[in-house]
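User: I would like to learn how to read charged side chains in a protein model. Could we go through one structure together, step by step?

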Amino acid sequence: MSKTEDYYERVYDVVKQIPRGKVTTYGAIARYLGIASGARMVGYALNNVTESNIPAHRVVNRNGELTGRSHFPDDTMRERLEQEGLTFIDDYQIDIEKHFWDPTDNLMN
């Protein structure tokens, strides 16, 4: 397995643990994995998701914006988050303060 594939698997392991009704950010995942400036790499990993059991819709940018929505058909990302009870403060921005889940506080490294 290449270093990139290993990193992607570590990202997927974190994303699988985000609870229903919560979101985290690309940067929070990168910090948890020890790569503070790796938010973009987290995005690359999520762009390559092929497994349906990885809830990539629960990862947003630091402002709570659904920046990954272009990788979902139609409005699927927003719809999934709405079904989980997340509150939106704009069409494509969730209330990050209310729904944020930090892997550093919730997972053991």
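**Reading salt bridges and charges**

Analyst: Let us begin with one pair: Lys16 and Glu51 are joined through their side chains by a salt bridge, with an N to O distance of 3.9 Å. This pair links distant parts of the chain, since Lys16 sits in the loop between H1 and E1 while Glu51 sits in the loop between helix H3 (39-47) and strand E2 (59-60), 35 residues apart. Please keep in mind that this is a predicted model.

User: How much confidence does the predictor have in the protein chain, on average?

Analyst: The average pLDDT of the protein chain is 92, and 97% of the residues score at least 70. Confidence is lowest in H1, with a mean of 89, and highest in strand E1 (residues 24-25), at 98.

User: Are Lys16 and Glu51 buried or exposed?

Analyst: A residue is called buried under 20% relative accessible area and exposed over 50%, and partly exposed in between. Lys16 has 37% relative accessibility and therefore counts as partly exposed, and Glu51, with a relative accessible area of 33%, is partly exposed as well.

User: How many salt bridges does the structure hold?

Analyst: The structure holds 4 salt bridges. One of them joins the side chains of Glu84 and Arg58, with an N to O distance of 2.9 Å. Glu84 lies in the loop between helix H4 (76-83) and strand E3 (88-90), and Arg58 in the loop between H3 and E2, so this pair ties together parts that are 26 residues apart in sequence. Glu84 is buried, because its relative accessible area is 13%, and Arg58 counts as buried at 11% relative accessibility.

User: What separates Glu82 and Arg78 in helix H4?

Analyst: Glu82 forms a salt bridge with Arg78, and their closest N and O atoms are 3.0 Å apart. Because the two residues are 4 residues apart in helix H4, about one helical turn separates Glu82 and Arg78. Glu82 is partly exposed, with a relative accessible area of 38%, whereas Arg78 is buried, with a relative accessible area of 17%. Turning to shared partners, salt bridges join Arg20, Arg58 and Glu84 into one network.

User: Which residues form a negative surface patch?

Analyst: Residues in a patch have no salt bridge and have over 30% relative accessible area. Here, Glu5, Asp6, Glu9 and Asp13 form a negative surface patch. Among them, Asp6 lies in helix H1 (residues 3-15), and Asp6 counts as partly exposed because its relative accessibility is 37%.

Methods. Residues are numbered from 1 along each chain as its sequence is written. This is a predicted model: local features need pLDDT of at least 70, side-chain atom pairs count only at pLDDT 80 or more; totals for chains, interfaces and linings use all residues. Side-chain values use heavy atoms; hydrogens and water are left out. Patches are made of residues with over 30% relative accessible area and no salt bridge: like charges are joined within 9 Å, nonpolar side chains (Val, Leu, Ile, Met, Phe, Trp, Tyr) within 5 Å. Accessible areas come from the Shrake-Rupley method with a 1.4 Å probe; for residues, only the protein chains shown count as cover. Lys and Arg count as positive and Asp and Glu as negative; His and the chain ends are not counted. The place of a charge is taken as NZ of Lys, CZ of Arg, CG of Asp or CD of Glu. Buried means under 20% relative accessible area, exposed over 50%, partly exposed in between (1.4 Å probe, protein chains only). pLDDT is the predictor's confidence in each residue, from 0 to 100.
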